[in-house]
Amino acid sequence: MGANSTERNGRICYRKSEKGSDNDKWQDASFKKLGEESEELIENKVKRIRLDREKGCSDGKRCREGSSLTKRALSEMAKKKLNAISSDRSASDLKLRNKTDKSKKIEYASCILYHTLPYLRNICQEQFEEKTTEATMKGVWFTKVEIQKADCNGERIYCDNCSTSIVDFHRSCLTCGYELCISCCRELRCNSLQGNCTRIAYNYPFRGPDYPHGSPPDSSLQTVTNPSAEVDQSQPASWHTGSTVINPSEEVDQSDVASWRAGSTGGVQCPPEQLGGCGEGNLQLKHIFSENALVKLRNKAKKLADEFQNSNSEFECGCEAGLGSRKASNRKNNPNSNYLFCPDLRKAEKAEGLLHFRKHWAKGEPVIVSDLIRNKNLNWEPNAIWNSVNGNNDSEQIRAIDCLNCCQVEMEPEIFFQGYKEGRIYPNLWPAMIKLKDWPTTHRFEELLPKHYSEFINNLPFKPYTNPKCGSLNLASFLPEISPKPDLGPKSYIAYGFEEELGRGDSVTKLHCDMADAVNVLMHAAEVEVSEEQESVIRELKIKHREQDMLENLRHGKNEEKGKNNEVCELKLGENAGALWDIFRREDVEKLKAYLKKYFREFRHIYCNPVDQVVNPVHDETFYLTAEHKRRLKKEFGIEPWSFVQNLGEAVFIPAGCPHQVRNLKSCTKIALDFVSPESVEQCINLTEDFRRLPKNHRAKEDKLEIKKMIVYAAQRAVETLLEASD
């Protein structure tokens with residue numbers, strides 16, 4: 001927790017500061033310009049544009065502005081610029097200002113309104129309904145309802161029940177400060193509270209150090225209850241010796257939840273102490289933005305969206321199954337969907353490359369871009385990066401994850417990086433896979449590694465999406481400076497790897513869904529040699545593992561053999577191969593969930609124990625589908641992921657809402673950055689709704705993205721841009 005933060009009611013908020021004290025003023029000022037533009041004035045501007053079009057636009061200047069709004073003109077203008085953009089970009093250009101011409105600004109703003117307006121309407125409708133309930137409770141006319149301004153002081157406010165970020169209207173207890181989002185209020189009135197405030201217990205006993213290698217469990221060890229997804233097994237020595245950290249679960253009595261009801265007129269009482277409240281009095285309705293600010297924004301956005309229409313749909317690309325694409329699946333019913341757009345960086349940086357990307361991105365398809373490493377003199381070896389941050393501080397320990405036990409371990413940097421280059425083994429010669437993820441653990445990548453940050457950001461293609469500071473199509477860049485930002489990276493992922501699929505203890509990122517869009521670049525890879533003796537031991541231990549699985553009834557039966565009904569895409573590993581990716585289509589998520597709920601007991605997690613329960617299979621991050629499971633998934637459910645190898649210097653773009661998993665074939669250093677594209681707003685909203693329904697202590701529970709707040713500020717910026725264009 002940062003120095004300027006504090007914890008209140010089980011959630012992180014930001015203390016009042018010089019910046020925070022101006023927050024309310026900023027929020028009012030941010031909408032002041034829109035307020036000055038009366039709806040009548042906007043209507044006149046829209047009418048003028050419409051008349052100019054009908055009259056043939058005799059006025060040259062207005063003709064250029066008006067015609068640039070049409071889909072055809074936008075498309076033609078994009079085509080004319082294809083040869084005007086240089087294929088090479090200066091590596092020293094860190095200003096990242098996206099000098100976008102007027103037509104592109106209009107196009108991007110129109111795209112943002114097209115995707116955000118439906119959800120801005122939803123926000124306004126929910127607030128209208130809550131205000132109507134408030135009028136009924138107080139017995140006054142709707143227009144006479146007075147709502148108290150919330151004193152947020154730059155804090156990031158969350159619902160104390162479902163942990164979802166609060167964007168504007170909410171209810172708050174004047175006594176204890178308990179805050180409730182209006183979604184939970186609505187569900188309470190319907191007696192169907194979906195926002196989850198309960199906790200679950202994860203039961204993963206430590207069965208002895210030899211159990212993960214196929215030996216019988218040690219019956220003398222007791223079962224341990226752990227609420228965390230990854231056990232904190234901090235041992236400076238090396239491997240686990242049996243000590244266990246016990247974190248008892250904080251259970252919530254279901255009767256307390258059931259007794260929490262709304263009043264007959266819609267009032268919501270502060271919940272009892274067992275649920276985090278004080279149980280005294282009704283929660284009061286409050287707002288964060290200035291009065292009716294979002295309603296005014298919605299009205300102006302609607303009128304402008306009707307005239308400035310999204311134009312990207314007209315671009316047609318024919319790269320399926322052709323040059324610049326890579327086969328990643330083997331679906332017979334839709335062969336074109338088997339191929340992914342895969343340009344090199346030179347082609348991706350051209351205007352046509354961005355148009356191709358947008359077309360595929362709108363369909364929820366991953367994209368692969370190669371040749372991102374330009375500066376060969378910049379050292380991306382993990383020990384060099386670590387030393388750049390920590391110097392020669394030998395006392396600094398690395399907190400990494402042992403993939404076999406899914407536990408955290410502490411290691412000396414020298415030992416960790418030696419294992420990265422040369423490999424590390426257990427006493428029985430089984431490969432030890434260790435990974436360090438989400439490092440640095442703060443927002444300080446740019447500060448700690450300025451040269452690496454500059455190189456990484458400058459070489460990313462599709463700048464309107466990937467520019468973290470001023471990307472014209474990155475909704476995260478529209479948050480105000482003084483507003484708390486979500487931690488979207490960049491972050492490094494440093495992990496050992498092994499080419500052969502071990503089946504147990506592989507160096508993997510298990511199946512999960514990111515909270516937003518993401519780009520992941522493989523910056524360094526190192527191959528570890530394996531002796532013939534070790535290869536022989538691995539074969540013997542894999543047989544022992546299979547026998548243990550059969551004994552514990554974790555095997556479905558015989559291995560799924562290749563056949564016409566379950567044949568998956570064959571992958572070839574080249575010299576620069578680094579990681580194997582499996583990305584599932586959005587439309588296949590429900591079938592994927594059904595498969596995992598059916599066979600979840602065949603998977604192993606903490607201390608190599610069988611998975612004992614499922615909350616949400618794509619958010620639990622407890623599953624990795626082996627080749628055998630992927631074949632069975634296709635045979636029984638008719639779906640398969642896009643599977644491909646990420647080579648050195650390749651960037652993988654993953655759309656929000658696509659569950660994915662990764663297995664490292666070599667020791668790998670990857671850098672990842674999250675962003676929020678207009679095309680993925682719907683998916684981010686759906687993910688936020690998934691998160692609020694998870695148990696209180698689930699790994700993915702907190703709404704870290706605050707997508708609704710991004711929608712508001714992105715729509716505001718788009719309206720400002722289009723109003724300026726019509727002057």
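Q: Which residues gather in a patch of negative charge on the surface?
A: In this predicted model, the patch is made up of E499, E527, E529 and E575. Glu counts as negative, so these four residues give the patch its sign.

Q: Where does E499 lie?
A: E499 is in the loop that runs between β16 (491–495) and β17 (508–512).

Q: Why does E499 count as partly exposed?
A: Its relative accessibility is 48%. Buried means under 20% and exposed means over 50%, with partly exposed in between, so E499 at 48% counts as partly exposed.

Q: What makes E422 count as exposed?
A: The relative accessibility of E422 is 56%. The cut-off for exposed is over 50%, therefore E422 counts as exposed. E422 is placed in helix α13 (residues 413–422). From E422 to Y496 the C-alpha distance is 9.6 Å, and the two are 74 residues apart in sequence.

Q: How many disulfides does the rule count?
A: The count is zero. A disulfide needs two cysteine sulfur atoms within 2.5 Å.

Q: Why is C176 not in a disulfide?
A: The cysteine sulfur closest to that of C176 belongs to C270, at 3.6 Å. The limit is 2.5 Å, so this pair is too far for a bond. C176 has 28% relative accessibility and therefore counts as partly exposed.

Q: What about C185: how do you know that its sulfur is too far for a bond?
A: For C185 the closest cysteine sulfur is in C181, 6.7 Å from its own. Set against the limit of 2.5 Å, that is too far for a bond.

Q: Is C185 buried or exposed?
A: C185 has 0% relative accessibility. Buried means under 20%, so C185 counts as buried.

Key: Residues are numbered from 1 along each chain as its sequence is written. This is a predicted model: local features need pLDDT of at least 70, side-chain atom pairs count only at pLDDT 80 or more; totals for chains, interfaces and linings use all residues. Side-chain values use heavy atoms; hydrogens and water are left out. Patches are made of residues with over 30% relative accessible area and no salt bridge: like charges are joined within 9 Å, nonpolar side chains (Val, Leu, Ile, Met, Phe, Trp, Tyr) within 5 Å. Accessible areas come from the Shrake-Rupley method with a 1.4 Å probe; for residues, only the protein chains shown count as cover. A salt bridge is a side-chain nitrogen of Lys or Arg within 4 Å of a carboxyl oxygen of Asp or Glu. The place of a charge is taken as NZ of Lys, CZ of Arg, CG of Asp or CD of Glu. Helices (H or I, at least four residues) and strands (E, at least two) are DSSP runs, numbered from the N terminus. Buried means under 20% relative accessible area, exposed over 50%, partly exposed in between (1.4 Å probe, protein chains only).
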